[in-house]
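Here are my notes on the model you sent. Please read them with the coordinates open.

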Amino acid sequence: EHYPDVLPSFVGLPMAAQRSVRFTQCRMEYNMGWLVQAEAPPGALLSTLRRTVLSGNASSQDIAFYFVHWFTDLAGAVPAPLSGSEKFVLGFPLKVLGAFV
């Protein structure tokens, strides 16, 4: 947001893709981990995201990219090589994993 030109891989993206990347990093007070683990009440967790979507400040591409970002972040939560993949294969019900893929 402040110095995008110092990241050549970001600057080289089309504007729509830059917007999606910014969307994954914005302050929505939304934490996918909290939702998945039921650590926060839905109203408090989703109210800012809901306002963002209803205001038209988030495209379907932005939201889809956010979930891809969350999915890869979850895989990286296990530091050992390939253990993130094990988390998906062994820890997710097949129906849930299939929905993401």
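The points below cover one helix, one buried residue and the enclosed space.

1. The model is predicted, and local features are discussed where pLDDT is at least 70.

2. Helix α5 takes in residues 60-75, 16 residues in total. From its first C-alpha to its last, α5 reaches 23 Å, close to the 22 Å expected at 1.5 Å a residue.

3. Which residues of α5 are buried? They are D62, Y66, W70, F71 and L74. As general background, an α-helix has 3.6 residues a turn, so residues three or four places apart point the same way.

4. T52 lies in helix α4, which covers residues 42-54. Is T52 buried or exposed? Its relative accessible area is 18%, and T52 counts as buried because the cut-off is under 20%.

5. With neighbours within four places in sequence left aside, the contacts of T52 are F23, M28, N57 and A58. Two of these residues, F23 and M28, also appear in the cavity lining described next.

6. How many cavities of 30 Å³ or more are there? The count is one. The volume of the largest cavity is about 40 Å³.

7. The lining of the largest cavity consists of F23, M28, Y30, L49, I63, Y66 and F67. Helix α5 supplies the largest share of that lining, with three residues. Y66, one of the lining residues, is also among the buried residues of α5.

8. By residue class, the lining of the largest cavity has seven nonpolar residues, no polar ones and no charged ones.

Methods
Residues numbered from 1 in each chain as written. Predicted model: local features only at pLDDT ≥ 70, side-chain atom pairs only at ≥ 80, totals over all residues. Heavy atoms only, no water. Helix = DSSP H or I, 4+ residues; strand = E, 2+ residues; numbered from the N terminus. Expected span 1.5 Å × (residues − 1). Buried < 20%, exposed > 50% of the residue type's maximum accessible area, 1.4 Å probe, protein only. Contact = heavy atoms within 4.5 Å. 1 Å grid on protein atoms, 1.4 Å probe; cavity = no way out; pocket = protein on both sides within 12 Å on 5 of 7 lines; lining within 4 Å. Points joined across faces, edges and corners; volume = space filled by probe spheres on them. Nonpolar A, V, L, I, M, F, W, Y, C, P; charged D, E, K, R; others polar.
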